[in-house]
Amino acid sequence: MKLLSRLLLVFVFGATSSTFAQQEADIFDKFESKFYTIDGYKINVEVKGSGDPIFFLPGGPGNSHDYMQGNFGQYYKTNTVVFFDFLGRGKSDDAKNPSEYSVENDVELIEKLRKLLKFKKISLVGHSYGTVPAQAYAIKYKDNVDKMVLINGFHSGAMWQANCDSYNRYAKTHFPEKWKKVDSLRALGYVSSDPEFMKVYGSFPTKYVYYHNTKLKQNSPKEKHRGWANDVYVSIIGKDGDFDVSGSMIYQDYRKELKNIKAKTLIVAGRYDGVSTPEFAVQYKQFMPQAKFVMFEQSGHNPYLEEADKFYKLFTDFINE
């Protein structure tokens with residue numbers, strides 16, 4: 001779902017009428033980058049505030065931290081908030097070898113940052129792909145996680161594959177004229193990471209997949225930055241990842257382990273989400289019965305934008321419990 005992930009980068013700030021939502025258009029100016037050398041690479045980290053620490057994990061894989069900062073940066077007023085760019089993303093260094101981009105290495109980077117910042121326990125907030133390393137971390141490092149919030153996420157590589165299939169079926173059904181070009185290229189052996197294929201696949205009007213209310217927009221920094229790293233996406237999801245998920249992602253499956261996670265967990269889904277579809281999102285109720293599950297009935301992939309009042313009240317109450 002590379003095309004879908006990249007849409008997160010397209011939309012600039014649009015205000016919402018929410019008591020709890022992010023209203024500070026200059027939120028990015030309140031943070032300062034600090035670079036930590038980890039395993040020989042400089043990693044961009046931005047920390048602000050005091051109180052219990054929260055690590056925010058962005059989607060993609062390939063997204064920089066900024067959209068999470070634009071929507072959750074205000075929590076520095078009550079907590080120590082930690083925004084960072086995973087290896088190869090945002091302002092962080094690129095890996096010498098693409099094989100270093102993996103879910104497993106993302107998990108280890110979280111742990112190394114926790115130690116560097118000298119936090120005993122952390123809370124994790126993951127959105128979309130960010131829920132993947134969040135869950136893996138909470139399973140592997142059970143005693144290091146206080147709370148966890150999974151926003152429109154994925155419990156397995158199988159779920160990621162199923163949602164790719166769902167999106168492609170929808171695109172083919174609703175845009176058959178365009179899909180003929182997709183079929184033609186597929187028949188010639190093109191895969192989703194080929195530039196020629198990306199031009200055709202990227203021409204589908206897919207904002208509806210992310211938003212139920214398509215007029216909403218994201219908050220983004222004014223300065224030029226690398227918001228998307230396609231090589232990271234291809235390494236983790238696979239060279240034909242929009243059709244056949246492979247890479248590190250296909251080996252992720254947390255369904256059997258979710259019930260053993262110690263961290264108090266909130267799981268959020270969107271009724272109109274075309275990325276993490278409700279058909280699979282509701283399965284969390286079965287796999288992780290101890291978690292609190294909330295379906296946002298008027299939202300797509302970004303409930304913090306579409307039902308801001310409800311979302312931020314829920315989020316704030318959960319973090320403060």
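Which residue takes a positive phi just after helix 9? In this predicted model, that residue is Gly238, with a phi of about 115°. Step back into helix 9 itself, residues 230–237, and you find Val232, Tyr233, Ile236 and Ile237 buried. Look down the axis of helix 9 and those buried residues fall within an arc of 105°, so they line one face of the helix. The general rule behind this kind of pattern is that an α-helix has 3.6 residues a turn, so residues three or four places apart point the same way.

One of those buried residues, Ile236, also turns up in the surroundings of Val103. Val103 sits in helix 3, which covers residues 103–116. Is Val103 buried or exposed? Its relative accessible area is just 1%, and anything under 20% counts as buried, so Val103 is buried. Besides Ile236, and not counting neighbours within four places in sequence, Val103 is in contact with Tyr129, Val132, Pro133, Ser248, Gln252 and Tyr254. For a distance to check on screen, try Val103 and Ala136: they are 33 residues apart along the chain, and their C-alpha atoms are separated by 8.3 Å.

Tyr254 leads us on, as it also touches Gln135. Gln135 belongs to helix 4, residues 131–140, and with 0% relative accessibility it counts as buried. Beyond its neighbours within four places in sequence, the contacts of Gln135 are Met148, Leu150, Phe154, His155, Tyr254, Leu258, Ile261 and Tyr284. Asp309 is another matter: it is 174 residues from Gln135 in sequence, and 26 Å away in space, C-alpha to C-alpha.

Two of the contacts of Gln135, Leu150 and Tyr284, also help line the second largest cavity. How many cavities of 30 Å³ or more does the structure hold? There are two, and the second largest has about 40 Å³ of space. Along with Leu150 and Tyr284, its lining includes Asn152, Gly153, Ile267, Val268, Ala269, Ser276, Ala281 and Phe293. Strand 7, residues 264–270, gives the largest share of that lining, with three residues. By class, the lining has seven nonpolar residues, three polar ones and no charged ones.

Now for the hydrophobic interior. The largest nonpolar core runs to 104 residues, and the ones with the most contacts inside it are Phe55, Phe72, Phe84 and Leu124. Which element gives the largest share of this core? That would be helix 13, residues 308–320, with seven residues. Phe84 is a good place to zoom in: leaving out neighbours within four places in sequence, its contacts are Asn44, Val45, Phe55, Phe56, Leu57, His65, Leu109, Ile110 and Leu113.

On to the pockets. The largest pocket holds about 320 Å³ of space. Of the 22 residues lining it, Phe28, Asp29, Pro221, Lys222 and Glu223 are the closest to its centre. Its lining splits into six nonpolar, seven polar and nine charged residues.

The second largest pocket offers about 190 Å³. Leu109, already met as a contact of Phe84, is in its lining, as are Ile38, Asp39, Tyr41, Ile43, Leu87, Glu100, Asn105, Asp106, Glu108 and Lys112. Strand 2 (41–48) and helix 3 are the elements that give two or more residues to this lining, and the largest share, five residues, comes from helix 3. Here the classes come out as five nonpolar, one polar and five charged.

Asp39 deserves a second look for its backbone, since it has a positive phi of about 55° although it is not a glycine. You'll find Asp39 in the loop between strand 1 (34–38) and strand 2, and at 58% relative accessibility it counts as exposed. Lys118 also has a positive phi, about 60°, and is not a glycine either. It lies in the loop between helix 3 and strand 5 (122–127), and it is exposed, with a relative accessible area of 75%.

One last backbone detail: the peptide bond from Gly60 to Pro61 is cis, with omega near -5°. Pro61 is part of the loop between strand 3 (53–57) and helix 2 (66–72).

Key. Residues are numbered from 1 along each chain as its sequence is written. This is a predicted model: local features need pLDDT of at least 70, side-chain atom pairs count only at pLDDT 80 or more; totals for chains, interfaces and linings use all residues. Side-chain values use heavy atoms; hydrogens and water are left out. Buried means under 20% relative accessible area, exposed over 50%, partly exposed in between (1.4 Å probe, protein chains only). Helices (H or I, at least four residues) and strands (E, at least two) are DSSP runs, numbered from the N terminus. The arc is that of the directions from the helix axis to the C-beta atoms. A nonpolar core is a set of buried Ala, Val, Leu, Ile, Met, Phe, Trp, Tyr and Cys residues joined through side-chain atoms within 4.5 Å. Contact means heavy atoms within 4.5 Å. On a 1 Å grid over the protein atoms alone, a cavity is a set of points where a 1.4 Å probe fits but cannot get out, and a pocket is an open set with protein on both sides within 12 Å along at least five of seven lines; lining residues have an atom within 4 Å of a point. Grid points are joined across faces, edges and corners, and a volume is the space filled by probe spheres set on the points. Ala, Val, Leu, Ile, Met, Phe, Trp, Tyr, Cys and Pro count as nonpolar, Asp, Glu, Lys and Arg as charged, and the others, Gly among them, as polar.
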